[in-house]
Amino acid sequence: MSCLNRASLLLLSLCSFTLPALAMAADSNVPKASVKQMLGQKLMLDLRYYCEEAPVNGQCRTAMTKLPVELANLIRDYDIGGVILFAENLQDVAQIVQLNRDMQTAAAASALKLPLFISIDQEGGRVARLPRSLATSFAGNMAIGATYSAFGTAFATEVGRVLADELLPLGINLNFAPTIDVNVNPQNPVINVRAFGEDPAMVADLGGAMTAAMQQRGMIAALKHFPGHGDTEVDSHLGLPRVEHSIEQIRKVDLLPFASIIKQHNPGMIMTAHIQYPALDNSTFVSKDGESMLKPATLSRKILHGVLREDMGYNGVIVTDALDMAGISKFFSHTEAVVQTFAAGADIALMPVKLQHPGELQALSELLTALESAVQSGALDQTELAQSYQRIVALKQQYPLLPTEKTPAQQIKKAQQALGNAKHRQAELALAKAALTQVKPTAGYLPFKLTETKKLLLVMPDQTKAKALSAALQHYSKQHFSIDTISLQQTDLTDAGAKIAAADVVISGFIAPMQSLADIGGMDDLTGVANIAAAYERQTLQYETLLPQIKARKKPHVFLSLRAPYDISRYGSYADIVLASYAYNTAEDATAMNAGNATYEAIAQALLGQYSLTGTLPVTVSQAAN
């Protein structure tokens, strides 16, 4: 049976009506398409929010959890190629399944009848869009990197398998993962623990294993962020980063994981980075404000076509990072950005235009008309447009984009059996335990044991994380602890001294760097970033006020580095024991066991001496052993 026939049968099984046969080109399995239809396949829409009426303040914050008729009509009428889902779209299994089926039904009613790419950022760790109590989210890439010395690629493979096995039954067929940036900059605000580590060969090995595992299960993987986001100090959600690496350094560090995985595993997609690489392309553009600037990779033909296509031999689909990020939207109109990135060689424009209420829907038609005009004028090459369309269709025919279950009930049952099941939760906890790294003392022993104490003080970033660790300690301990807490979000620390004095042992945890927009899935209103930054600064001041008090009272002290371990060089000297977990997230119920709080369960078991720690730092931390 041909790929086309399989796709047609899947469409028939999904829809309750009979679909007409696809109109085929005479010499291929690619449906004939007009210029505008081909352009529609090259758009991937963000449908996170939708308001039935234009909001008074201009910001729609009504989550789109049920497909409105107007959006279904857009997918149908413009032969849209794909959508991206965010946490706001995802409530429970039944709702997610129905939403995805409805979107695929709308696509099946289009002229081309091609199924949608339904995509998500489900990297694990910091970036996980599905509810953590519902799906298995794992501790993330740097945690996997910490297991490499002892376990090789075993956890990368297992995580890739589980991610695919949980996403596919929901109707999600494209995962924007793995992140294969090489994090060589401790100040990186947006990648850090999203990377496997700082060794390009290790990143290539782990990223390749995860890619292979997902794709062997039928999930399209999208490597990101080409040509590399690992040495930046600017978040491309907020601005335009610049990497001043030499050609040799780019080849040996930034590009090495991409080159390796392209050669060995044929990744379905590669995502671009909104980053300037002057050694790869020093050509300039004039921004919409009249400023002359270097082209970012997303809009660079030298990088996307020259480096990725010609030099590296990549023949798959190139997708942009979100075009609403400030690294692009600050300098280009949305139409100009899409024209430029298509001219550079990108196949799919991700999140090209806002469609959050009926008054904005016309923007999609206007964008497609402008793109069609760009083809007619020669600004976009029609032959390259056809080639890009063929790559998109080929990928859609290569993977099972549609669920095989005929009814929603059958699909919901299958998804419920897969998501967060006991075997997957065991793997989640196994990774958290294997990753946990004892940084101080460097030898295997610990200078004191919690089992010899009764009164614990937890100093944590917020009460939710304090509850998670407290619940795990009480659950796994044979004795009952008296546990007090201090939240770094509280503004009144007048009783902190008394709490420290009363404790037998202090366990403190900190999360650095501050939460990025990737953590929360982007943000339309960037004024919210100022609130995040202000809260992080307050937490930092609170923590740095408490640390000297803990040390002055000579309290046995455990420091937990809950995100990027670089903060150990800043805070490790205050503690007797230093552990790195590379993850901090809790589930909706922070006190639940085997339900999304694996990091805190692993920490509790380690502090209680219930297993030996084998994790190793996958990045260099200055003075880590002091």
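## Core, disulfide and salt bridges in a predicted model

The largest nonpolar core holds 148 residues, of which Leu43, Met103, Ile144, Leu170, Phe226, Leu364 and Leu371 touch the most other members. Apart from this core lies another, made up of 36 residues that include Leu429, Ala432, Leu579 and Tyr584. In soluble globular proteins, nonpolar side chains tend to be buried together. Leaving aside residues up to four places away in sequence, Phe226 touches Leu255, Phe258, Ile270, Met271, Thr272, Ala273, Ala297, Ile303, Leu304, Val307, Leu308 and Met312.

All of this is read from a predicted model, in which the protein chain averages a pLDDT of 91 and 92% of the residues score at least 70. Over residues 1–27, however, the pLDDT is below 50, although this stretch has 46 contacts in the model beyond near neighbours in sequence. Where pLDDT is low, the predicted coordinates should not be read in detail.

The count of disulfides comes to one, and this link joins Cys51 to Cys60 with an S to S distance of 2.1 Å. The link is right-handed, with 100° about the S-S bond. Cys51 is buried at a relative accessible area of 10%, and Cys60 is likewise buried, at 1%.

Salt bridges number 22, and three of the pairs are set out below.

| Pair | Closest N to O | Relative accessible area |
|---|---|---|
| Glu372 and Lys36 | 3.5 Å | Glu372 21%, Lys36 28% |
| Glu123 and Arg194 | 2.7 Å | Glu123 4%, Arg194 6% |
| Arg161 and Glu158 | 3.8 Å | Arg161 35%, Glu158 23% |

The salt bridge of Glu372 and Lys36 links distant parts of the chain, since Glu372 lies in helix H14 (residues 362–377) and Lys36 in helix H2 (residues 35–41), 336 residues apart. Both Glu372 and Lys36 are partly exposed.

Glu123 belongs to strand S4 (residues 122–124), whereas Arg194 sits in the loop between strand S6 (174–175) and helix H8 (200–216), so their salt bridge ties together parts that are 71 residues apart in sequence. Glu123 counts as buried, as does Arg194, because the cut-off for that class is under 20% relative accessible area. Both residues also belong to a network of salt bridges that links Asp121, Glu123, Arg129, Arg194 and Lys224.

Arg161 and Glu158, by contrast, are three residues apart in helix H7 (residues 154–167), which means that about one helical turn separates them. Arg161 is partly exposed, and so is Glu158.

Terms used: Residues numbered from 1 in each chain as written. Predicted model: local features only at pLDDT ≥ 70, side-chain atom pairs only at ≥ 80, totals over all residues. Heavy atoms only, no water. Core = buried A, V, L, I, M, F, W, Y, C linked by side-chain atoms within 4.5 Å. Buried < 20%, exposed > 50% of the residue type's maximum accessible area, 1.4 Å probe, protein only. Contact = heavy atoms within 4.5 Å. Disulfide = S-S within 2.5 Å. pLDDT = per-residue confidence, 0-100. Salt bridge = Lys/Arg side-chain N within 4 Å of Asp/Glu carboxyl O. Helix = DSSP H or I, 4+ residues; strand = E, 2+ residues; numbered from the N terminus.
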